Amino acid sequence: MLRSAILAAARNPRIESLVTHAPVSRSVVHRFVGGPDTAAAVAAARALVADGLTVTLDHLGEDTTDRTQADAVAAAYLDLLAALEAAGLTERLGLLTARVEVSLKLSAIGQALPGDGEKIALEHARTVCAEARRVGATVTLDMEDHTTTDSTLEILRQLRVDYPETAAVLQAYLHRTESDCRDLAYAGSRVRLCKGAYREPASVAYQRRAEVDRSYVRCLNVLLQGDGYPMFATHDPTLIAIAEDRARFHGKTAVEFQMLYGIRPDEQRRLARAGHTVRVYVPYGAQWYGYLMRRLAERPANVTFFARALITKG
Ligand code: FDA
């Protein structure tokens, strides 16, 4: 109920205006969002790197509806990569991984535009991958709702011809994902495994939490048995423990844990101290409202946190 109400609020322009203009919002937003612009994103990345963490930065922006907007998002990523280089934050950790990288939503760079949307998204993604390669960073293609999965994996396949370090994201809630993990568990292939964040129908996705968790475990085993570079994106303590245990069992040292900015920060640092590579996903940009509402919907405790801040400071 609460989750549906928050997700409905996420799409309501009047509530958006109310929340984004509330004086308290800035401090609450700071917990989950790196900042409103490139400079703030670079500062957030610098602080995390100083703490022994690695970073992936996501320029917030949704539902790109025209070519100009798609071009602007791609340009924002180029600006960001140049700023990260100037700040001395781009450093390759290995052939495939970098201390700071970017996460890219293909829908934000034109994938859904009518006609040649996929072609536009591929061209923009190529430009971003080339600049990332030049400065010493890498790119991960975020995964969106299931209607885009085939298109996104096809664009990934084409990008990997020239930029094999480009990472995929697979969502454990989809029935197809165990098979996709098998296809992508080859040497040099970076794959982020997450549960999945979109509302999907039962025809394509597991609906019950326990089913999604079991699928996540099957998928993580497939990835760990393969030759690729798995990246486990979850805050779930049980799944993190299973991933640590299974990675040890398979003698796999090259794995990564990933979590969202502001969520379980102590656990992020604990895993890093234990010797794991931990990457923090840092969203930034002026369009933070939809992202913040989805994070609130995931966990009632965050709504209490938000409401308390409104009452005490508003
Ligand atoms: P789940 O939501 O079941 O939470 C398990 C436990 O983790 C909770 O009981 C709590 O202890 C803790 N927790 C979870 N969320 C919390 C919160 N907001 N605040 C505090 N504690 C919390 N999805 C997608 O569809 N496409 C994508 O490309 C990505 N990319 C991505 C990158 C990274 C780095 C992460 C961490 C996640 C994604 N996701 C994503 C989102 C993902 O699919 C999923 O919606 C969220 O990570 C929440 O799922 P959990 O695995 O954390 O488990």
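A cavity is a set of points, on a 1 Å grid over the protein atoms alone, where a 1.4 Å probe fits but cannot get out, and its lining residues have an atom within 4 Å of a point. The structure examined here is a predicted model, in which local features need pLDDT of at least 70 and side-chain atom pairs count only at pLDDT 80 or more, while totals for chains, interfaces and linings use all residues. Residues are numbered from 1 along each chain as its sequence is written, and side-chain values use heavy atoms, with hydrogens and water left out.

Two cavities of 30 Å³ or more were found in a search of the whole structure. The second largest holds about 30 Å³ of space, a volume being the space filled by probe spheres set on grid points that are joined across faces, edges and corners. Its lining consists of Cys-129, Ala-132, Arg-133, Ala-137, Thr-138, Val-139, Tyr-163, Glu-165 and Thr-166. Five of these residues are nonpolar, two polar and two charged (Ala, Val, Leu, Ile, Met, Phe, Trp, Tyr, Cys and Pro count as nonpolar, Asp, Glu, Lys and Arg as charged, and the others, Gly among them, as polar). Helix α6 gives the most to this lining, with three residues; helices (H or I, at least four residues) and strands (E, at least two) are DSSP runs numbered from the N terminus.

Glu-165, one of the lining residues, also forms a salt bridge with Arg-92, at 3.7 Å from N to O. A salt bridge is a side-chain nitrogen of Lys or Arg within 4 Å of a carboxyl oxygen of Asp or Glu. This pair links distant parts of the chain, 73 residues apart: Glu-165 lies in the loop between α7 (149-162) and β4 (168-171), and Arg-92 in the loop between α5 (67-86) and β2 (100-104). Glu-165 is buried, with a relative accessible area of 6%, whereas Arg-92 is partly exposed at 28% (buried means under 20% relative accessible area, exposed over 50%, partly exposed in between, with a 1.4 Å probe and protein chains only).

The structure holds 25 salt bridges. In one of them, Arg-269 pairs with Asp-51, the closest N and O atoms being 2.8 Å apart. Here the partners are 218 residues apart, Arg-269 in helix α11 (residues 265-273) and Asp-51 in the loop between α4 (38-50) and β1 (54-59). Arg-269 is partly exposed, at 24% relative accessibility, and Asp-51 is partly exposed at 43%.

Glu-123 and Lys-119 also meet in a salt bridge, at 3.7 Å from N to O. Both belong to helix α6 (residues 117-135), where they are four residues apart and so separated by about one helical turn. A network of salt bridges links Asp-58, Lys-105, Asp-142 and Arg-192.

Methods: On a 1 Å grid over the protein atoms alone, a cavity is a set of points where a 1.4 Å probe fits but cannot get out, and a pocket is an open set with protein on both sides within 12 Å along at least five of seven lines; lining residues have an atom within 4 Å of a point.
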